[in-house]
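Trainee: I am new to this structure and would like a close look at one part of it. Could you pick a spot and walk me through what surrounds it?

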Amino acid sequence: MLDSIKKMLQQLMGSSSEDSSQATDITFYTLGKFNLGVGKIGPDNRTDIDQSVLKEMYRRVAAGEFNIPVSGTLPEICVDGRTNRQGSRINAPSAAGGSLTMVYGRDLGDSGALNDKTEMQLTIETMDTLKGKGYTTAVHGDDHSNCGCGACAHAQKVYQHITDKIDPIAGLTGNYGIIISDTEKASIVGRAKNRLDHPSFFNEDRSAILQACQDHGANYEELVDAHNELGIAINMRQGTTIDRKAIRTTFGPQYDLFVVDAWTFATAAQELALESNKQDADRIAKAITIQNVATASVLGHSSLPIIPIG
Ligand SMILES: [Zn+2]
């Protein structure tokens, strides 16, 4: 089923990016269009942006102009649009929280086997499993917060958002070809509720989660400065990510994007599912997708546009 979803998504995004490269003025759906985006990050909260430059950036990103080859096939670094002090990032696929997306996706997509485990235990287990399979993992902080990764700092809020907003979230994913069934919705919301009913699941010290990842082999990026993201790039081009540095060089240092390398989610889910159970893998892939959308919606403003790259 994942293959057919992926194909459908690619067709959908392919046609939209074809349209966009030809059109002079394209509109992209915003988080607000799906009744999402309760955070602050987004173009309507900015006064340092030239609207014509912004439109040009969206159009060229959608056309795939900033896709660069990437090593790795699993989500590894965070969607965060910022860079380290030198202006660069690890060259690897992106998802909300970096490798932590696999922890939360595994938890939310689980069918009950993980009930007794805490967030900390799942984090350590997942990092060890990935390391054991030869994968590179990564997390990040920033230069001015105790836990500078929004996906980690607000994990509990993201679970709450999933229970409150599953229909709008599924509405967004459905618009890009990822159909989440009522059964899958119920299962994933049930998992989130279970965790929220037992809040000791979540580690109180959020930076300890980032530290545990590093203690179990994850690379660490220290990102700097404020969030300047102006859109969410959903990248479906296999083997690529979006070059954040090139976007800044082209449009200006205040032009950043959240980058979601959604093409990695199916592979990530296959690695996490027990004994390669297809139904489990499908549900985990949907859970990773939902965790990514929910994180964007918690951090991002309703004015944030979604820019599919097929
Ligand atoms: Zn992050």
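Mentor: Let's begin at Ala 269, which, leaving aside its neighbours within four places in sequence, is in contact with Gly 105, Ala 281, Ile 284, Ala 285 and Ile 288. Please keep in mind that this is a predicted model. Ala 269 also belongs to the largest nonpolar core, a set of 84 residues, where Ala 269, Val 61, Ala 233 and Ile 234 are those with the most contacts inside it. The largest share of this core comes from helix H11 (residues 278–299), with 11 residues. As background, nonpolar side chains tend to be buried together in soluble globular proteins.

Now follow the contact between Ala 269 and Gly 105. It takes us to the packing of two helices, H3 and H10, where Met 102, Gly 105 and Arg 106 in H3 meet Ala 268, Ala 269 and Leu 272 in H10. Sorted by class, the residues of this contact are 4 nonpolar, 1 polar and 1 charged. A pair of packed helices is described by the angle between their axes and the distance between the axes. For H3 and H10 the angle is about 65° and the axes are 10 Å apart. Their crossing is right-handed.

H3 has another partner to look at. Helix H3 (residues 100–108) packs with helix H4 (residues 119–132) at an angle of about 115°, and here the axes are 9 Å apart. The crossing of H3 and H4 is right-handed. From H3 come Met 102, Val 103, Arg 106 and Asp 107, and they meet Leu 122, Thr 123 and Thr 126 in H4. By class, that contact has 3 nonpolar, 2 polar and 2 charged residues. If you select Met 102 and Arg 106 on your screen, you will find them taking part in the contact with H10 and in the contact with H4.

Next, step back along the chain from H10 (265–272) into the loop that separates it from S8, where Asp 261 is found. Is this charged residue buried or exposed? Asp 261 counts as buried, because it has 31 C-beta neighbours inside 10 Å, and 20 or more are enough for that label. Apart from neighbours within four places in sequence, its contacts are Pro 75, Pro 93, Ser 94, Ala 95, Asn 235 and Thr 241. For a sense of distance, Asp 261 and Gly 231 are 30 residues apart along the chain, and their C-alpha atoms are separated by 14 Å.

On the other side of that loop is strand S8, which leads us to a sheet. This open sheet has 3 strands in the order S8-S6-S9, with parallel pairing. Strands S8 (256–260) and S9 (306–309) stand at the edges and have a single partner strand each, so one side of each is left without a neighbour in the sheet. On average, neighbouring strands are turned by 30° against each other, ignoring direction. Helix H2 (residues 51–62) packs on this sheet and touches S6, S8 and S9, its direction making about 30° with that of S9.

The pairings can be followed residue by residue. Strand S6 (residues 229–235) pairs with S8 in the parallel sense over 4 bridges, and Ile 232 has Phe 258 in S8 as its bridge partner. S6 and S9 also run parallel, joined by 4 bridges. There, Asn 235 stands opposite Ile 309 in S9, and you may remember Asn 235 as one of the contacts of Asp 261.

What covers the faces of S9 is worth a moment too. In a regular strand the side chains alternate between the two faces of the sheet. In S9, Ile 306 and Pro 308 lie on one side and Ile 307 and Ile 309 on the other; all are buried, and both faces of the strand are covered.

For contrast, finish with a residue in the loop between H1 and H2, Asn 45. Asn 45 counts as exposed, because it has 12 C-beta neighbours inside 10 Å. Not counting residues up to four places away in sequence, Asn 45 touches Lys 40 and His 301. The loop between helix H1 (2–22) and H2 also holds Asn 35, which is partly exposed, with 15 other C-beta atoms within 10 Å. The phi of Asn 35 is near 65°, a positive value in a residue other than glycine.

Notes
Residues numbered from 1 in each chain as written. Predicted model: local features only at pLDDT ≥ 70, side-chain atom pairs only at ≥ 80, totals over all residues. Axes fitted to C-alpha atoms, helices over the stretch in contact; angles between N-to-C directions. Left-handed = near helix turned anticlockwise from the far one by under 90°. Contact = placed C-beta atoms within 7 Å. Nonpolar A, V, L, I, M, F, W, Y, C, P; charged D, E, K, R; others polar. Pairing = 2+ DSSP bridges. Core = buried A, V, L, I, M, F, W, Y, C linked by C-beta atoms within 7 Å.
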